[in-house]
Amino acid sequence: AVWLVNPDVLPQLVVMTIGNQPIWTAPNQGMAQAPMGFLLGRPIISTDVCDTVGDVGDIGFVNWKYQRAITKSGGIETAQSMHIFFDQNMNAWRFTFRVDAKPVLNAAVTPPNSSNTRSPFVFLAERS
């Protein structure tokens with residue numbers, strides 16, 4: 001599992017603590033696996049896909065093992081056109097690769113001996 005965060009969140013993560021223990025760890029030896037460091041021991045991936053700081057979806061904890069992806073049979077489709085740039089004596093190319101992904105679980109799971117639900121995809125709620 002990894003943390004997905006908006007890049008604007010990183011300055012706040014660096015100074016956060018639980019008690020007197022920091023929750024963010026510098027990458028040091030883990031630079032190749034986690035160039036943004038670690039949050040509570042798990043790698044951080046900075047992405048602009050996450051919403052801005054304080055909005056729903058600015059920080060998420062995801063386990064990609066619970067995600068399934070399929071591709072359209074036939075692989076990459078290619079198309080060429082000499083007509084688009086005819087006056088410049090150039091060809092235009094288009095490549096299309098179709099992918100769809102979906103979580104394995106439809107909803108959070110409640111373990112047999114707990115009242116807390118668990119999910120492989122968790123995002124923080126809106127905060128001010």
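Contact, in these exercises, means heavy atoms within 4.5 Å. The model is predicted, so local features need pLDDT of at least 70 and side-chain atom pairs count only at pLDDT 80 or more, whereas totals for chains, interfaces and linings use all residues. Residues are numbered from 1 along each chain as its sequence is written, and side-chain values use heavy atoms, with hydrogens and water left out.

**Exercise 1.** Determine which residues Ile-23 is in contact with, leaving aside neighbours within four places in sequence, and place Ile-23 in the largest nonpolar core.

*Solution.* Step 1: the contacts of Ile-23 beyond four places in sequence are Leu-13, Met-16, Thr-17, Ile-18, Phe-38, Leu-39 and Leu-40. Step 2: a nonpolar core is a set of buried Ala, Val, Leu, Ile, Met, Phe, Trp, Tyr and Cys residues joined through side-chain atoms within 4.5 Å; buried means under 20% relative accessible area, exposed over 50%, and partly exposed in between (1.4 Å probe, protein chains only). Step 3: the largest such core has 9 residues, among them Ile-23, Leu-13 and Leu-39. Step 4: strand E1 (2-5) and helix H1 (10-15) each give two or more residues to this core. Helices (H or I, at least four residues) and strands (E, at least two) are DSSP runs numbered from the N terminus.

**Exercise 2.** Locate Leu-40 and Asn-89 and state the sign of phi in each.

*Solution.* Step 1: Leu-40 lies in the loop between strand E5 (38-39) and strand E6 (42-46), and its phi is near 50 degrees, a positive value in a residue other than glycine. Step 2: Leu-40 is classed as exposed because its relative accessible area is 53%. Step 3: Asn-89 belongs to the loop between strand E9 (77-81) and strand E10 (92-96); phi of Asn-89 is positive too, near 60 degrees. Step 4: with a relative accessible area of 74%, Asn-89 is likewise exposed.

**Exercise 3.** Describe the surroundings of Ala-69.

*Solution.* Step 1: Ala-69 sits in strand E8 (residues 67-71). Step 2: its relative accessibility is 57%, so Ala-69 counts as exposed. Step 3: apart from neighbours within four places in sequence, Ala-69 is in contact with Val-99, Asp-100 and Ala-101.

**Exercise 4.** Assess how spread out the protein chain is.

*Solution.* Step 1: the protein chain has 1 helix and 12 strands. Step 2: its radius of gyration (over C-alpha atoms) is 21 Å, well over the 14 Å that the globule rule (2.2 Å times the number of residues to the power 0.38) gives for 128 residues, so the chain is more spread out than a compact globule. Step 3: along its principal axes the C-alpha trace spans about 70 × 35 × 35 Å.
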